[in-house]
Amino acid sequence: MKTNEQLCAVVNLDESESKLMPLTKRRAVAALPFGSRYRLIDFPLSSLYSAEVNSVALFVRGSARALLDHVRSGYPWGMESTVGGGLFIHSGAEFKEALEKLEPDQISSYYQDQIDFVQHSKKGYVVVMGSKMLCNVDLKAVLRSHIANEADITVVYKNVTREFCLPESIANCLSFEIEGESKLADLLPAREIPKKETKLAIGMGIAIMRTDKFIELTTEAANNRIKGDINVLIKHSLKENTVHGYEYTGYLKNIETISSYYEANMDLLDEDNYNALFYRSQPVITKVKNGAPTYYSKEADITNSQFASDCVIDGIVEDSIVFRKVTIEKTAVVRHSLIMQGSKIAEGAELDYVILDKGVKIGPGVKLKGTKKNPLVIEKDREITVEKGI
């Protein structure tokens, strides 16, 4: 692949996990399985691949094992280069924070590691992004807009309806100096926007700036003990910088809660949503796993569902997403559910609005039911039987 000599990337995966428990008990938000064969990290990495960015740093809080196992050298996304690029992974942010309390006069290593990376990349610009905003962004177009506007910083946003934001959402909204133009006046938490405002310009946590501007922002943030996503840093320096917005018009979902994660997966069963996310001008890439085609027996009855490879399906499946190596036995019924890799559903079991994490075994005759707004989540590797219950 060609390499972008202008752009490097800082991917901040220091994202809130509490409202996605228990799915994030042993994995970062970025490592959450999605759409039968992907993980959330695939989407920012794929955007970087299409922008020909091969110098990328991931900054991870908490357990990084699942993420590291998936990403490895970054080969599928063209980031395995040892000349002028590469994929650099920094984990254990919470341990570094604990150590910094013993040396309060030192610059935060959370920012120092990022500063060191962008300096060593020798690129002119840096893009900062996360993984919880599920989207497929053309970063080359964002960079062109940034340069054309002669902006200090360019942030990506999408115009959404009020219903897009949960009442407790921590997302930020953009306010423009003049309606219809791109120059920003302020960034405000969604909950502070008056209820009468039915349309919002939601910030997507993606920003492009020159590397020297990034170093300036992060150094100031470290000195003032400011922590948060890139929108927080920009808000604190808005008066001193010219900040422009770039409007994204594709599919977007903010993965903040179990409900929003479930809804994002279910959205893929709508062809328009699927095409908006996957069939833009740039591909979505994931780690290749070879396997046999899924087997559907004569007894299988499938309606509006999506399957990965290596499954054996003998039962009824409706409006569901099924990951790799799943077995659904005869007379089992699965509706409105996410069934993750390696799970097994025995004869006579019935699941409705359920999320099974990896490796879950559901015994014969078990009946599990959640709701559309509150799907029932079964933790990884659990075994549920009629006798044991949940």
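This passage describes the aromatic ring pairs and the charge–ring contacts of a predicted model.

A pair of aromatic rings is described by the distance of the centres and the angle of the planes. In the predicted structure, nine aromatic pairs are present. One of them joins Y274 and Y279, whose ring centres lie 6.0 Å apart. The planes of Y274 and Y279 meet at 55 degrees, so this pair is classed as tilted. With a relative accessible area of 23%, Y274 is partly exposed, whereas Y279, at 59%, is exposed.

An edge-to-face arrangement is found for Y296 and F307, with 5.3 Å from centre to centre and 90 degrees between the planes. This pair connects distant parts of the chain, the two residues being 11 residues apart. Y296 belongs to strand β14 (residues 295-296), and F307 belongs to strand β16 (residues 306-307). The relative accessible area of Y296 is 41%, and this residue is therefore partly exposed. F307, by contrast, has a relative accessibility of 16% and counts as buried, because the term applies under 20%.

Ring pairs also assemble into a cluster that comprises F34, Y38, F43, Y274, F278 and Y279. The tilted pair of Y274 and Y279 thus involves two members of this cluster.

Charged side chains are also placed over aromatic rings. The charged end of R37 sits over the ring of Y38, at 5.0 Å from the ring centre; Y38 is itself one of the cluster residues. In another such contact, the ring of Y125 has the charged end of R210 over it, 5.2 Å from the centre of the ring.

Terms used
Residues numbered from 1 in each chain as written. Predicted model: local features only at pLDDT ≥ 70, side-chain atom pairs only at ≥ 80, totals over all residues. Heavy atoms only, no water. Phe/Tyr/Trp six-rings, centres within 6.5 Å; stacked < 30°, edge-to-face > 60°. Buried < 20%, exposed > 50% of the residue type's maximum accessible area, 1.4 Å probe, protein only. Helix = DSSP H or I, 4+ residues; strand = E, 2+ residues; numbered from the N terminus. Lys NZ or Arg CZ within 6 Å of the ring centre and 35° of its normal.
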